[in-house]
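Thank you all for coming; I would like to walk you through the charged side chains of one model, and I will take the pairs one after another. Please have a look at the sequence and the structure first.

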Amino acid sequence: MSEIMNGYWNELKGEALKTWGNLTHNELDQVAGDAKKLEGLLQQKYGHSVEEARKEVSALQERYDNLSYRGEWNQVKGKMQKFWGDLTDNDVDKINGSRTRLVGTLQEKHGKSRSKALEEVDHFLKEIS
């Protein structure tokens, strides 16, 4: 999971601030997308056990990566295919509700950079919200 977190840390930082209000921007900047550092920070600031911290970080990552939170997955699939007209049913099945896999699919199919693909996905999510 930590490689996923590194891929979109700037976007996830805001969610981390909302989730753990005792953390500061500076502390999260020092974490720099490293899941282990964030777990350590949660242990330090909140007194969590290693396992509790790991579960909370994992839950945050899964929430962020899950496209289904925007609505019923079948509806989101249809909206994705409308938004990106060249996404096939097979592409959408491979994405399987994952923001990370959607970004990867856009990079592969459209030759986009990771940052450009993330930008498109964020735009899409704002459109369907």
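In which helix do Lys36 and Glu39 lie, and how many residues apart are they? Both lie in helix H4, which covers residues 35-46, and they are three residues apart, about one turn of the helix; helices here are DSSP runs of H or I with at least four residues, strands are runs of E with at least two, and both are numbered from the N terminus.

Before going further, I should say that this is a predicted model, in which local features need pLDDT of at least 70 and side-chain atom pairs count only at pLDDT 80 or more, while totals for chains, interfaces and linings use all residues. Residues are numbered from 1 along each chain as its sequence is written, and side-chain values use heavy atoms, with hydrogens and water left out.

Lys36 forms a salt bridge with Glu39, with the closest N and O atoms 3.9 Å apart, where a salt bridge is a side-chain nitrogen of Lys or Arg within 4 Å of a carboxyl oxygen of Asp or Glu. The two partners sit in contrasting surroundings: Lys36 is exposed at a relative accessible area of 55%, whereas Glu39 is buried at 7% (buried means under 20% relative accessible area, exposed over 50%, and partly exposed in between, with a 1.4 Å probe and protein chains only).

Glu39 also meets Arg54 in a salt bridge, at 4.0 Å from N to O. Because Glu39 lies in helix H4 and Arg54 in helix H5 (residues 50-65), this pair ties together parts that are 15 residues apart in sequence. Arg54 itself is partly exposed, with a relative accessible area of 34%. These residues belong to a network of salt bridges that links Lys36, Glu39, Glu51 and Arg54.

Let me turn to another pair. In helix H9 (residues 114-128), Lys116 and Glu119 are three residues apart, about one turn of the helix, and their side chains meet in a salt bridge at 3.2 Å, N to O. Both count as partly exposed, Lys116 at 38% relative accessibility and Glu119 at 48%.

How many salt bridges does a search of the whole structure find? The search finds 10, in a protein chain whose secondary structure comes to nine helices and zero strands. Finally, buried residues make up 38% of the 129 residues in the protein chain.
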